[in-house]
Amino acid sequence: MKTIKVSVVTPDGPVYESDVEMISTKAQSGELGILPGHIPMVAPLQIGSVRLKNGGNTEFVAVTGGLLEVRPDQVTILAQAAETAEHIDLDRALKAKERAEHRLHEVKQSNVDFKRAELALKRAINRINVSRRDV
């Protein structure tokens, strides 16, 4: 089957690079499925996972937003932060989730930034979900 080159890049450098048969991810406009030869496009991404299929193998990368650029022969994801499933520290992600939930409960009594706490919770849940999918 045909493949398309995928690169996931953060300000710290490349996180993932490979040839895959299909890419699935969530853009702000909705779910995207990208195959080789897809029309060129650019889309902002949500906090979520990027699913990369190649043969019977599926890999996941957690991204915290960013941009997706699609060309017929290459997909580039420019993410603010990204981690492959095998590099996610599950204990750290679980602790981050607990901290974010605690901050959200404190919002009513203090000046905690609700949006910031909500985004921290989404990032932690995404990392947990991606980490557990790889198992």
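**View A. Ser7 and Glu17 in the first hairpin.** Within strand 2, Glu17 is the bridge partner of Ser7. The structure shown in this and the following views is a predicted model. Strand 1 (residues 4-10) and strand 2 (residues 13-20) run antiparallel to one another and are paired over seven bridges. The connection from strand 1 to strand 2 is a hairpin of two residues.

**View B. The largest nonpolar core and the surroundings of Ile23.** This core comprises 21 residues, of which Ile23, Val63, Val75 and Ile77 touch the most other members. Two or more residues are contributed by each of strand 1, strand 2, strand 3 (22-27), strand 4 (30-34), strand 5, strand 6 and strand 7 (74-79). When neighbours within four places in sequence are set aside, the contacts of Ile23 are Ile4, Val6, Leu32, Gly33, Ile34, Val50, Arg51, Leu52 and Val75.

**View C. The buried and exposed sides of helix 1.** Ala93, Ala100 and Leu104 are the residues of helix 1 that are buried. They lie on the same side of helix 1, because the arc they cover around the axis is only 40°. In an α-helix, residues three or four places apart point the same way, because there are 3.6 residues a turn. Helix 2 is among the elements that cover the buried residues of helix 1. The face turned away from this buried side bears the exposed residues Asp91, Arg92, Lys95, Glu98 and His105.

**View D. The start and the span of helix 1.** Where helix 1 begins, the backbone nitrogen of Asp91 has a side-chain oxygen of Asp89 within 3.2 Å. For the 17 residues of helix 1, a rise of 1.5 Å a residue predicts a span of 24 Å, and the end C-alpha atoms are indeed 24 Å apart, which agrees.

**View E. Helix 2 and its packing partners.** Buried positions in helix 2 are Ala117, Ala120, Leu121, Ala124, Asn126, Arg127, Ile128, Val130 and Ser131. These buried residues pack against strand 5 (41-54), strand 6 (57-71), strand 8 (82-84) and helix 1 (90-106). Helix 2 has 20 residues (114-133), for which 1.5 Å a residue gives an expected span of 28 Å; the distance of 29 Å between its end C-alpha atoms agrees.

**View F. Overview for orientation.** The protein contains two helices and eight strands, in the sequence order β-β-β-β-β-β-β-β-α-α. Its C-alpha atoms fill a box of roughly 55 × 30 × 25 Å along the principal axes. Of its 135 residues, 39% count as buried. Among contacts between residues at least 6 apart in sequence, 51% join residues at least 24 apart.

Key:
Residues numbered from 1 in each chain as written. Predicted model: local features only at pLDDT ≥ 70, side-chain atom pairs only at ≥ 80, totals over all residues. Heavy atoms only, no water. Helix = DSSP H or I, 4+ residues; strand = E, 2+ residues; numbered from the N terminus. Expected span 1.5 Å × (residues − 1). Buried < 20%, exposed > 50% of the residue type's maximum accessible area, 1.4 Å probe, protein only. Contact = heavy atoms within 4.5 Å. Arc of directions from axis to C-beta. Polar contact = N/O pair within 3.5 Å; in protein donor to acceptor, adjacent residues only side chain to side chain. Pairing = 2+ DSSP bridges. Core = buried A, V, L, I, M, F, W, Y, C linked by side-chain atoms within 4.5 Å.
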